[in-house]
Number of protein chains: 2
Amino acid sequence: MSVFLGIDWGGTYIKAGLVNSQGEIIRSMVYTSADLRKKKVFIKKLKSLVKELSTFKIKGVGIGAPGIINRDKGFIYYLPNIPGWKNFPLGSVLKKELKIPVFIDNDANIFALAESHYGAASGLSRAIFLTLGTGLGGAVISEGEVLKAEVSALELGHVPISLEKRLCGCGGQGCVETFVGSKYLLARYRKLKDNMTETKNIKDIFDRALRGEKQALLVWEEFSFALGMFLAGMINIFNPQVIIFGGGVSGAFRIFKPKVWQVIKKQAMWPQVKGLKLVKAKVKEAGLIGAALLAAEGIKSK
Amino acid sequence: MSVFLGIDWGGTYIKAGLVNSQGEIIRSMVYTSADLRKKKVFIKKLKSLVKELSTFKIKGVGIGAPGIINRDKGFIYYLPNIPGWKNFPLGSVLKKELKIPVFIDNDANIFALAESHYGAASGLSRAIFLTLGTGLGGAVISEGEVLKAEVSALELGHVPISLEKRLCGCGGQGCVETFVGSKYLLARYRKLKDNMTETKNIKDIFDRALRGEKQALLVWEEFSFALGMFLAGMINIFNPQVIIFGGGVSGAFRIFKPKVWQVIKKQAMWPQVKGLKLVKAKVKEAGLIGAALLAAEGIKSK
């Protein structure tokens, strides 16, 4: 039985999972990201984990990394939320240390890979996958495959949708992320409440909107307009059959979906919208399963 | 010797050309688009042309169409500037009439195909091709191939870059085309001159900018900012090695290139910009040569 080790490398937790070729998780572990922040510690931990699991004959290791990388070389340019990882050839270092083939990709691509095999894009040629969280991540399925470039991430969150001077964490301005990222939504909500609120998370703004609170509804209204306009542009480019919403903020799907649809229908070109569906992500532990799939596909195409 | 018939179907002229497998034009003809506006006349003309050229043993016909089509089916949804062509299965009709394989694609894809074989994207994996004209057309080369969807055009001109209510011909608002299309540039220039100008073409605004006229310079300044912001988004998505500028407005390349570069460098993420070049389109008669390539490739992959 072929078994692959998937690593879901998030800002808060790092999950590791042994996945078989049916996409089933055989064993999984969770680490606190802060504990593995240093490169040496991260690599040492992976090495000991592989040793620990040596009875399983792991065929390949797949890693979904939260940042800007060169997937062909397994080279990390930088990880926006994890300092100290600038310009590091993680792939070649790990390959040497683990003596197993290692494949690295951007986390959004990994999620999309899982959804395209076992989830909402299963059997489809074209899909757009979004991770709605602190920021906005994205991936595109084209002709049944995750769309690839040299720099692995299709940085959908950093497509400008406004010429206004709204500064973005990427150094640019007007990026869609500054309209839909949760940290911007929270700031907007606090401003609408004249800073007279204790709200610290998106779930709370969601609940308040469900209860009909004016300011909370306005936050989702603005969010939906911006997201809809952005998606109309992506639809006009990629002509997807489905758009899949993952990430924490997608918990508010039923609040924002109707308005996003309305904006898309008004803004996008009709032949591109024909047959389109908007759905929530379906695969549980997509980060682990997708990372294992990355390794499995990488070995197959070698 | 394999010979293909390429058709470059523009709003003003329709060009036809016999092209050999080295990409050389053996014979070419030009028709006035207005004369072939009706479907029956268009088809009849093509039929008589193929008959006229019957000594050449044409292996396939490729057509670059100015509109929204389904390339797999050769089905025309609509041609924005040519009324009467809504929902028409041109591919299957022509195949029956001509008894030669027929392939249809969006004109921007055709230009990109020619540039990727014989021009500015030759040998490269990733490129963005823009046709700057009345509107903004676009195509993307990914992994050395023209990126495909079911609806053939990647409607890059209809990606919103502003949430302002700037109405676009597509029915949407804020599309990049409303900032860079020549008809919008001309309208903007006339407004800046309080309608006290006879200027009817872009070349004139270009010449006036070269002479240092304030309003003409402002038009190109605004054009460059909008185009740069739009391209930064496309660069963050596609990580191209080259961006190729074709179409009439690209005549002003040396006026807008420096400012567009400046905006891109400020706005796009640096790993995505590394190694990028901005160049003018290189292939002469790319519409004919690309259409012939479409036919040649279509037959090969059959």
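A residue is buried if 20 or more other C-beta atoms lie within 10 Å of its own, exposed if 12 or fewer, and partly exposed in between, with C-beta atoms placed from the backbone. Helices (H or I, at least four residues) and strands (E, at least two) are DSSP runs, numbered from the N terminus.

This is a predicted model, so local features need pLDDT of at least 70 and side-chain atom pairs count only at pLDDT 80 or more, while totals for chains, interfaces and linings use all residues. Residues are numbered from 1 along each chain as its sequence is written, and chains are lettered from A and ligands numbered from 1 in the order in which they are written.

**Exercise 1. Work out which residues of helix α6 of chain B are buried, and how they sit around the axis.**

Step 1: α6(B) covers residues 202–210, and its buried residues are B:I202, B:I205, B:F206, B:R208 and B:A209.
Step 2: look down the axis and take the directions from the helix axis to the C-beta atoms, which define the arc. The buried residues of α6(B) fall within an arc of 165°, so they line one face of the helix.
Step 3: find the cover. It includes α5 (182–192), α7 (214–238) and α8 (253–267) of chain B. Here, as elsewhere, two residues are in contact if their C-beta atoms, placed from the backbone, lie within 7 Å.
Step 4: check what comes after the helix. B:G212 follows α6(B) and has a positive phi, near 90°.

**Exercise 2. Describe the surroundings of strand β8 of chain B.**

Step 1: count the burial. In β8(B), residues 127–132, 6 of the 6 residues are buried, so the strand is largely enclosed by the rest of the structure.
Step 2: split the strand by face. B:A127, B:F129 and B:T131 are buried on one side, and B:I128, B:L130 and B:L132 are buried on the other.
Step 3: list the pairings, where two strands pair if DSSP finds at least two bridges between them. β9(B), residues 136–142, pairs with β8(B) in the antiparallel sense over 6 bridges, and a hairpin of 3 residues joins the two. B:I128 sits opposite B:V140 of β9(B).
Step 4: add the parallel neighbour. β11(B), residues 242–246, runs parallel to β8(B) and is joined to it by 5 bridges; B:T131 has B:G246 as its bridge partner there.

**Exercise 3. Lay out the 5-stranded open sheet of chain B, then place helices on it.**

Step 1: write the order, which is β3-β2-β1-β4-β7 with mixed pairing.
Step 2: find the edges. β3 (25–32) and β7 (102–106) of chain B each have a single partner strand, so one side of each is left without a neighbour in the sheet. The twist averages 15° from one strand to the next.
Step 3: zoom in on one pair. β2(B), residues 13–20, and β3(B) pair antiparallel over 7 bridges, with B:L18 bridging to B:R27.
Step 4: add the helices. Angles run from 0 to 180 degrees between N-to-C directions, and axes are lines fitted to C-alpha atoms, for helices over the stretch in contact. α3(B), residues 107–118, lies across β4 (58–65) and β7 of chain B at about 100° to β7(B). α10(B), residues 286–300, lies across β1 (3–9), β2, β3, β4 and β7 of chain B at about 125° to β4(B).

**Exercise 4. Characterise the packing of helices α3 and α10 of chain A.**

Step 1: get the geometry. α3(A), residues 107–118, and α10(A), residues 286–300, pack at about 85° with their axes 7 Å apart.
Step 2: classify the angle. Under 35 degrees counts as roughly parallel, over 145 as roughly antiparallel, 65 to 115 as roughly perpendicular and the rest as oblique. So α3(A) is roughly perpendicular to α10(A).
Step 3: name some residues that meet. Among them are A:I110, A:F111 and A:L113 in α3(A), and A:I289, A:L293 and A:L294 in α10(A).
Step 4: sort by class. Ala, Val, Leu, Ile, Met, Phe, Trp, Tyr, Cys and Pro count as nonpolar, Asp, Glu, Lys and Arg as charged, and the others, Gly among them, as polar. The tally for this contact is 10 nonpolar, 3 polar and 2 charged residues.

**Exercise 5. Break down the contact between chains A and B.**

Step 1: each side has a count, with 34 residues from chain A and 34 residues from chain B.
Step 2: on chain A, the elements giving two or more residues are α7 (214–238) and α9 (270–273). α7(A) gives the most, with 7 residues.
Step 3: the side of chain A that touches chain B divides into 19 nonpolar, 10 polar and 5 charged residues.
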